[in-house]
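Hi everyone, thanks for coming. I'd like to walk you through one structure today, so let's put it on the screen.

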Amino acid sequence: MDIERERGITIKLNTARMQVQGDDGKEYVLNLIDTPGHVDFTYEVSRSLAACEGALLVVDATQGVEAQTLANVTLAMEHDLDIIPILNKVDLPTADVLRVATEIEEIIGIDCSNALECSAKTGMGVPEIIQAIIKRVPPPADTTGAPLRMLVYDSQYDLYRGAIAMFRVVDGTVKKGMKIRFMATAKEFEVDEIGIMIGGLKKPVESLSAGEVGYLCAAIKQVAD
């Protein structure tokens, strides 16, 4: 979003799927959800955390722990997520890594002995973060054979395709052509398209299974449905 680039903050949550290689030589698929950190968007953060196994606690190394930092990490703890502390903007001359790490330990109570340092601007430390996710965040449970259950954590509206649901498959497998029911409204729809987000673009796929994050189109006329 243009306003996000202008203000330098995340306003709308976004998802991304990455295929990466671990230090053990194996290929891993990471489903990531980028949530707003500002205190005004706590509801979006809460919905996103419900769909995750772990969380990256990104703290500005020049600013330290702020009100929204404490609010968001409390939500992550309530969801019993594995939390990885990350100190961002360490490339700036005003960064104080030791002070901020101490703040996180004293105010939040998270051990920062294994905290990662990075710069989102230069890309420094990003490979180490990817490997930390692989090693420290548990994979989702394999419940592919169970009846289908999905958690819808966001939606978008398209003038031509209607409401597009963003979801995480909790159990089972969802496929194109399946009939699904939204439990809150008891309304049923046939899935026209399912897919994943790569580089901000929608990529249709044939199916998504337990633990995967994606979107679906099903001729849903209103977001309320």
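Let's begin with helix 3, where the buried residues are Gln68, Thr69, Asn72, Val73, Leu75 and Ala76. Looking down the axis of helix 3, those buried residues fall within an arc of 150°, so they line one face of the helix. If you like a reason for that kind of pattern, an α-helix has 3.6 residues a turn, so residues three or four places apart point the same way. On the other side of helix 3 you can find Ala67 and Glu78, which are exposed. Before I go further, please keep in mind that this is a predicted model.

How far does helix 3 reach from its first C-alpha to its last? With twelve residues, 67–78, helix 3 spans 17 Å, close to the 16 Å expected at 1.5 Å a residue. Just after helix 3, have a look at Asp80, which takes a positive phi of about 55°.

Now to the largest nonpolar core, which has 20 residues. Leu49, Leu57, Leu87, Ile104, Ile108 and Ile110 are the ones that touch the most other members. Two or more residues each come from helix 2 (42–49), strand 3 (54–60), helix 3, strand 4 (82–88) and helix 4 (97–108). Which element gives the largest share of this core? That is helix 4, with four residues.

Two of those contributors, strand 3 and strand 4, also meet in a sheet. This sheet is open, with three strands in the order 3-4-5 and parallel pairing. Strand 3 and strand 5 (116–117) are at the edges with a single partner strand each, so one side of each is left without a neighbour in the sheet. Between strand 3 and strand 4 there are seven bridges, in the parallel sense. If you want a place to zoom in, Gly54 has Asp82 in strand 4 as its bridge partner.

Next, some antiparallel pairings. Strand 1 (residues 14–21) and strand 2 (residues 27–34) run antiparallel and are joined by eight bridges. Gln21 stands opposite Glu27 in strand 2. The hairpin of these two strands has five residues between them, and Gly25 there takes a positive phi near 90°.

Further along, strand 6 (residues 149–158) runs antiparallel to strand 7, with nine bridges joining them. A hairpin of three residues connects strand 6 to strand 7, and Tyr157 stands opposite Ala163 in strand 7. Strand 7 also pairs with strand 14 (residues 213–220), again antiparallel, through six bridges. There, Phe167 has Gly214 in strand 14 as its bridge partner. Is strand 7 largely enclosed or open? Nine of its ten residues, 162–171, are buried, so strand 7 is largely enclosed by the rest of the structure.

Last, the rings. Searching the whole structure gives one aromatic pair. The partners are Phe182 and Phe189, set edge-to-face, with 5.8 Å centre to centre and 70° between the planes. Are those two rings' residues buried or exposed? Both Phe182 and Phe189 are buried. There is also a charge over a ring: the charged end of Lys202 sits over the ring of Tyr215, 5.8 Å from its centre.

That's my tour, and I'm happy to rotate the view for anyone who wants another look.

Notes
Residues numbered from 1 in each chain as written. Predicted model: local features only at pLDDT ≥ 70, side-chain atom pairs only at ≥ 80, totals over all residues. Heavy atoms only, no water. Buried < 20%, exposed > 50% of the residue type's maximum accessible area, 1.4 Å probe, protein only. Pairing = 2+ DSSP bridges. Phe/Tyr/Trp six-rings, centres within 6.5 Å; stacked < 30°, edge-to-face > 60°. Lys NZ or Arg CZ within 6 Å of the ring centre and 35° of its normal. Expected span 1.5 Å × (residues − 1). Arc of directions from axis to C-beta. Core = buried A, V, L, I, M, F, W, Y, C linked by side-chain atoms within 4.5 Å.
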